Amino acid sequence: MTPTPYVVAEALYKSYGQVEVLTGVDLEVNAGEVVCIIGPSGSGKSTFLRCVNHLEQVNGGRLQVGGEYVGYRQNGRKLHELSPRETARRREDIGMVFQQFNLFPHMTVLQNIIEAPVRVRRIPRHEAVATARDLLAKVGLADREDAYPRQLSGGQAQRIAIARALAMKPKLMLFDEPTSALDPELVGEVLAVMKQLALDGMTMIVVTHELGFAREVADKVVFMDGGVIVESGKPHQVLGNPQTERCRSFLEKVL
Ligand code: ADP
Ligand code: MG
């Protein structure tokens, strides 16, 4: 079976004014694949995820998600740009989980999870509640639907954030350092949920410094530095036998 590319970046370029952040990123993520992105702070990892999630305008090159262009520019000329309405529609298919969980503090766990399906997808409330309960069971928090975010541990809050993203039935999940803000003893429970999601066949791009997770779960590991992909390949290649000094010295610092 030939793999179907779900995300395709070609010579992707992104700058903020004079600050060049992505200077030619080429990356393919196939449907059902897990790609882990590693790299030093400031290398453009979050910016890349934001481009994929249609939160940033692409300044050059091409970016396709789900077989459709997000942005396409050549020689500074716009060849394709989405309307705000189209952007909003496409974003419904993409779930994103951040370092800070960003749950709505004044809503219960259940309300947090059904909010977008009911308001954005217009799913009947009872259906949204049923789905939310399934998801709560999946992330191991079936008994916390009436809790408020402040009553949760960081690990529980992040698992709820994952359930909330999944409630929109996304085709692609983006994770931006999802365990970096957690106490070490809570990291495992979040990674376990992500691993199960990967086994279920979700297409995922995960920015993480959890090299054990990358080694075990990723189909491909990408090392970014200075706005470009410096190395990419199977986990055992990039993590076990890096070809560049930049990647080697980064891995030494993380380990
Ligand atoms: P990473 O996630 O790898 O740490 P980021 O994508 O957050 O890197 O940032 C890459 C670079 O882009 C940094 O130098 C950062 O200061 C810059 N940057 C990010 N967002 C903005 C912005 N909105 N305006 C200006 N510069 C930005
Ligand atoms: Mg970042």
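In what follows, Ala, Val, Leu, Ile, Met, Phe, Trp, Tyr, Cys and Pro count as nonpolar, Asp, Glu, Lys and Arg count as charged, and the others, Gly among them, count as polar. With these classes in hand, the reader can turn to the structure itself, which is a predicted model.

A record gives a starting point: UniProt, in an unreviewed entry, places the feature "domain: ABC transporter" at residues 7-251. Within the model, this span is 36% helix and 29% strand, and the C-alpha atoms at its two ends lie 26 Å apart.

Two pockets can be looked at in turn. The largest pocket holds about 570 Å³ of space, and its lining is made up of 23 residues, with R91, I94, M96, A116 and R164 lying nearest the centre. The elements that contribute two or more residues to this lining are the helices α2 (84-91), α3 (109-119) and α5 (154-166), together with the strand β7 (94-97). Of the elements that line the largest pocket, β7 gives the most, supplying four residues. Sorted by class, the lining of the largest pocket consists of 14 nonpolar, four polar and five charged residues.

The second largest pocket encloses about 160 Å³ of space. Around this pocket stand H54, L55, E56, Q57 and V58, then V70, G71 and R73, and further along the chain H80, E81, L82 and T87. Two strands, β5 (68-74) and β6 (77-81), each supply at least two residues of this lining, and β5 provides the largest share, which comes to three residues. By the classes set out at the beginning, the lining of the second largest pocket has four nonpolar, five polar and three charged residues.

The last stop is helix α9, which covers residues 245-254 and in which C247, F250 and L251 are buried. When one looks down the axis of α9, these buried residues fall within an arc of 100°, and they therefore line one face of the helix. The spacing along the chain fits with this, because an α-helix has 3.6 residues a turn, so that residues three or four places apart point the same way. On the other side of α9, by contrast, E245, E252 and K253 are exposed. As for what covers the buried residues of α9, the elements include the strands β3 (34-38), β10 (220-225) and β11 (228-233), as well as the helices α7 (211-217) and α8 (235-238).

Definitions and conventions. Residues are numbered from 1 along each chain as its sequence is written. Chains are lettered from A and ligands numbered from 1 in the order in which they are written. This is a predicted model: local features need pLDDT of at least 70, side-chain atom pairs count only at pLDDT 80 or more; totals for chains, interfaces and linings use all residues. Side-chain values use heavy atoms; hydrogens and water are left out. On a 1 Å grid over the protein atoms alone, a cavity is a set of points where a 1.4 Å probe fits but cannot get out, and a pocket is an open set with protein on both sides within 12 Å along at least five of seven lines; lining residues have an atom within 4 Å of a point. Grid points are joined across faces, edges and corners, and a volume is the space filled by probe spheres set on the points. UniProt positions are given in the numbering used here, feature names are shortened, and annotations may be inferred rather than shown by experiment. Buried means under 20% relative accessible area, exposed over 50%, partly exposed in between (1.4 Å probe, protein chains only). The arc is that of the directions from the helix axis to the C-beta atoms. Contact means heavy atoms within 4.5 Å.
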